[in-house]
Amino acid sequence: MGNTENRFFRKAVIPINSVGADTVRRLKLVFDMFGLAYDTVVGLFTQSGRRHISLQQIINQVLFTGVDALIIVGLIALSCGITIGVQAATNMTEIGASEYFGTIMVISVVRELGPFFTSLVVIGRSGAALAAYIGNMKVTKEIAALEVMGVNLNHFLVMPAFLGMIISLVCLKIYFDIIAIIGGLFIAKLLVNAPYLALVQEVFNAVEVVDILVSTIKCLLFGAVIAVVSCYHGMHVSNIRFVPRAVFKAVVGSIVVTIIMNVVITVGFYAFRNTAG
Amino acid sequence: MPSEIQLDNISYSYGSETLFTDVSFAIGHGRMVVLMGSSGCGKSTLLEISAGLLEPVTGTVRWNGYDIHRIPQQELITERRKTGYVFQRHALISNLTVFDNIALPLRYHTTMPDKALSAMIEQHLERMGITDIRNKLPEALSVGQARLASIARALIMRPEFLFLDEPVSGLDPVTARSIISVLSKLCRQSNLTIFMVSHIISFIEQLQCPILLLDNKTVTRFETIAEARAVGGASLFDASLNEGN
């Protein structure tokens, strides 16, 4: 009887325990990341943080994340713009709504696809590289060396990555918008033979300050998330075997949070607009 | 207050494996002490605990009377400025040149003008005999050059405590001799408290300093290597500690 009870206890309680432990672990991870994000943002506004932040490290981050990604972002933007241009130019002409070409380009490229696709490229290139770089620093004891020198890791590693990612993402997004719209206009001109000037005019008429504001807010937040998630996973590598795992976690974590934030901001924006309008 | 490192009842385990228990010792102001022991016995772990990089399972570590695992973060950063640490695998920041690596703690903790900072670093580079590698990245350095650069970085803030993990392991005799000469001079001239880990007997013999032997999960102090050999057993030295001798 005692044995049966024991078996039942094991079968019933152990899974509950493991679910509980997993939940606690994930909650701790989320709180730790919020803590890191909070320390980083606060650090940017303190004199000590600003004094210790390295401009060279920020420039390096911008060069790697922004400048080196121009070709891949350009290619994605061009294919995106051409695809949307083809769909908008052909289908909308059929239903007699060709005057909305500009609106479609602005909504899809500027407000939605620009920030999201750009952040995906940054996650795949720079987020992964940052997690691997910091993970390797941990393994080679460079992080321990910084600690023992009394160097605040937030100042030296996280803040430059944080600012570099945000600056790069905002610039890459503007670049993405320009290339995608040029691609869309080019294909629309080819397909429906509308005058360039009229198409450009439609796009400019459709752009509102709020579109630029929303997409810039998205880029700021996505850049911050990518930097914090990647730095966090890099700093929690315990040995060399876990570097690839840290990279994987940084990429997946950044994508998940970015998707959730994108949905929340978009839904929030439309809900606010409908309520206000 | 005299500079000293004091460890009381330190225990540490990796998972279920206990590395050492109830380890207690003190290193006085301006003294140099070497920690010896066979491979894998926990020498580097004990050094990292002493330097405040690892927290022990039980026990306290005090620098100048401050319990470094209990003091607030800001005070710990201030205390850390008084220490230098030389890692076994140099741990130079990979994207900074030797000059920038040595300048890092100075730039972070002080507002020293560039000219004075450069002069100070040049002086350290000269003392270590590595002026020709000042603009090289760590990846371009030999093991010996990287170790010397790492020692220069550890000394740049004029620390009160210097921790070294296997400072001459894997080095050629010439570089090893120059490190021995620098360490001996430092101990004599600048009242630096040095705690190091080594398993190379010829090196320890040249330093002529007290020895802590980590064996059977505990630490025993000896004043000379001959005493350690006599009490600890010659077989222990011959079997486990003779590498590089």
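How many of the five residues of strand S7 of chain B are buried? Select residues 161–165 of chain B in this predicted model, and the strand proves to be mostly covered, with five of its five residues buried. With side chains displayed, Phe161(B), Phe163(B) and Asp165(B) point one way from S7(B), while Leu162(B) and Leu164(B) point the other way. In a regular strand the side chains alternate between the two faces of the sheet.

**The neighbours of S7(B)**

Keep S7(B) selected and add strand S6 (83–86) of chain B, which pairs with S7(B) in the parallel sense over four bridges. A useful point of register here is Thr83(B), which stands opposite Phe161(B). Next add strand S8, residues 193–197 of chain B, which runs parallel to S7(B) and is joined to it by five bridges. Phe161(B) serves again as a reference, since its bridge partner in S8(B) is Thr193(B). To follow the chain from S7(B) to S8(B), select helix H6, residues 173–189 of chain B, through which the chain passes in a right-handed β-α-β crossover. Further along the pairing of these two strands, Leu164(B) stands opposite Met196(B) of S8(B).

**The whole sheet**

Now widen the selection to the open sheet of six strands in chain B, whose order is S6-S7-S8-S3-S9-S10 and whose pairing is mixed. Its edge strands are S6 and S10 (218–222) of chain B, each of which pairs on one side only. Viewed across the sheet, the twist from one strand to the next averages 15°. Add helix H1, residues 43–50 of chain B, which packs on the sheet and touches S3 (32–37), S7, S8 and S9 (211–215) of chain B. The direction of H1(B) makes about 155° with that of S8(B).

**The loop after S6(B)**

Return to the edge strand S6(B) and select His90(B), which is found in the loop between S6 and H3 of chain B. The phi of His90(B) is near 45°, a positive value in a residue other than glycine. Is His90(B) buried or exposed? His90(B) counts as buried because it has 22 C-beta neighbours inside 10 Å, where the cut-off for a buried residue is 20 or more. Ala91(B) lies in the loop between S6 and H3 of chain B and has a positive phi of about 55°, although it is not a glycine. Ala91(B) is buried, with 24 other C-beta atoms within 10 Å.

**The side of chain B that touches chain A**

Show both chains, and select the 16 residues of chain B that are in contact with 11 residues of chain A. On the side of chain B that touches chain A, the elements giving two or more residues are H2 (73–80), S6 (83–86) and H3 (98–109) of chain B. H3(B) gives the most to this side, with four residues. Coloured by class, the residues of this side of chain B divide into 10 nonpolar, three polar and three charged.

**A helix pair in chain A**

For the last stop, select helix H5 (residues 101–139) and helix H7 (residues 153–192) of chain A, which pack at an angle of about 140° with their axes 8 Å apart. The crossing in which H5(A) passes H7(A) is right-handed. What classes of residue make up the contact of H5(A) with H7(A)? This contact has 18 nonpolar, six polar and two charged residues.

Notes: Residues are numbered from 1 along each chain as its sequence is written. Chains are lettered from A and ligands numbered from 1 in the order in which they are written. This is a predicted model: local features need pLDDT of at least 70, side-chain atom pairs count only at pLDDT 80 or more; totals for chains, interfaces and linings use all residues. Two residues are in contact if their C-beta atoms, placed from the backbone, lie within 7 Å. Ala, Val, Leu, Ile, Met, Phe, Trp, Tyr, Cys and Pro count as nonpolar, Asp, Glu, Lys and Arg as charged, and the others, Gly among them, as polar. A residue is buried if 20 or more other C-beta atoms lie within 10 Å of its own, exposed if 12 or fewer, and partly exposed in between; C-beta atoms are placed from the backbone. Two strands pair if DSSP finds at least two bridges between them. A crossover is right-handed if, with the strands pointing away from the viewer, the path from the first strand over the helix to the second runs clockwise. Axes are lines fitted to C-alpha atoms, for helices over the stretch in contact, and angles run from 0 to 180 degrees between N-to-C directions. A crossing is left-handed if the near helix is turned anticlockwise from the far one by less than a right angle, and right-handed if clockwise.
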